[in-house]
Amino acid sequence: MVTITDVAREAGVSKTTVSYVISRNPRISEETAKRVRGAMSKLGYVVNHSARALSTSKTMTLGLQVNAAENRRVSLTRGAYLCELADFARQNGYDLLLMSNRNGVEGIRGIASAGKVDGLILMDVTCEDPRVDAAIEAGIPTVLLGLPDDPKGLDEVDTDFERAARELISLFKRKGHREIALVHTPEESLGKGANFAVRFRRSVMDEAEAMGITLHVPPRQDWSMPPAEKLRNMLTRYPDISGVIIDDDNTIISTPQVLLELGVSVPDDLSVAVVVPDVLREQMRIPYTAIDINLPAVAQEAVETMVRRIEHTDAPSVTRLVSQPLTDLGSVKTL
């Protein structure tokens, strides 16, 4: 079994230094920390969370609470996030406890009173999320994976969907498009609106208006249609559009087949751009120009923000938006 002594010897540092790196002590330089983490990776060293918990009076566990109402909706993005968050928690010396309670507020109160976690990451954040008040009342360090209307002093981490909207609308403007449509994640799936879906829709609408592009957003009754039906209905409802922006995972996946069935060629007949996790686009060979969401980067930022909050409970709150690149695959035609 690889021990902390072995790691110290491999990295050329003391055992105390290795311990400081594991606990993310700020007195250790980033260069030294990288060398120690490299030695840990090379030797296959695994942190003994139980021993660390006893020595630090911490559980060395982070709670991750998903929104129970959203669990009924299949989301490949959420599944990928869970894996990435668990991986980065482990890299920072923490286990990740997945919490799925039909009553999110009660779930937070229960986990806080039981003292099972050192901090809490809230996922599937809504615009008016009651879990924000519950986390504050419970007094547990909390990071929001999303931006509610009022975070009330809690740390926030998310993709920069506002910038994504600006880049996509700018692309269509440069290519000469004057009338396009948006097929987006159904907001009502979370009751009062998934924050990212609301933010992206509003930003796309604002940017389109500012740049003189006519933007069609299907009526609310269409938002929760099955993905293929939603796309077909949109194309029927707005026959004069030259392009479409899609940010709903399930619709994106079904788009190639739907367009094939309808005899619609991209980009000759219709320009298509999407917002999608890069790993999903690559593995499923989605052939469209995309804002590639780097899930590992967002997950890493969420976990590291959580760890910093645990270590510095009185530090000012932060909002960290991770910018994502645009990958141009030629699916937006110049008119």
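These legends walk through close-up views of a predicted model.

**View 1. Helix 5 meets helix 14 at an angle of about 50°.** Let us start with two helices that pack together: helix 5 covers residues 76–91, and helix 14 covers residues 295–311. Their axes lie 9 Å apart. The two helices are therefore oblique to each other, and helix 5 passes helix 14 in a right-handed crossing.

**View 2. Residues from helix 5 and helix 14 come into contact.** On the helix 5 side, look for Thr77, Ala80, Tyr81, Glu84, Leu85, Phe88 and Ala89. Their counterparts in helix 14 are Leu295, Pro296, Val298, Ala299, Gln300, Ala302 and Val303. Sorted by class, this contact has 11 nonpolar, 2 polar and 1 charged residues.

**View 3. An open sheet is formed by 6 strands.** To find your way across the sheet, follow the strands in the order 2-1-3-4-5-11, with parallel pairing. Strand 2 (95–99) and strand 11 (319–322) stand at the edges; each has a single partner strand, so one side of each is left without a neighbour in the sheet. On average, neighbouring strands of this sheet are turned by 20° against each other, direction ignored.

**View 4. Strand 5 runs parallel to strand 11.** Here we zoom in on one pair of strands from the sheet. Strand 5 spans residues 155–159, and 4 bridges join strand 5 to strand 11. One residue to look for is Val157, whose bridge partner in strand 11 is Arg320. Strand 11 is also one of the edge strands met in the previous view.

How values were computed:
Residues are numbered from 1 along each chain as its sequence is written. This is a predicted model: local features need pLDDT of at least 70, side-chain atom pairs count only at pLDDT 80 or more; totals for chains, interfaces and linings use all residues. Side-chain values use heavy atoms; hydrogens and water are left out. Axes are lines fitted to C-alpha atoms, for helices over the stretch in contact, and angles run from 0 to 180 degrees between N-to-C directions. Helices (H or I, at least four residues) and strands (E, at least two) are DSSP runs, numbered from the N terminus. Angles under 35 degrees count as roughly parallel, over 145 as roughly antiparallel, 65 to 115 as roughly perpendicular and the rest as oblique. A crossing is left-handed if the near helix is turned anticlockwise from the far one by less than a right angle, and right-handed if clockwise. Contact means heavy atoms within 4.5 Å. Ala, Val, Leu, Ile, Met, Phe, Trp, Tyr, Cys and Pro count as nonpolar, Asp, Glu, Lys and Arg as charged, and the others, Gly among them, as polar. Two strands pair if DSSP finds at least two bridges between them.
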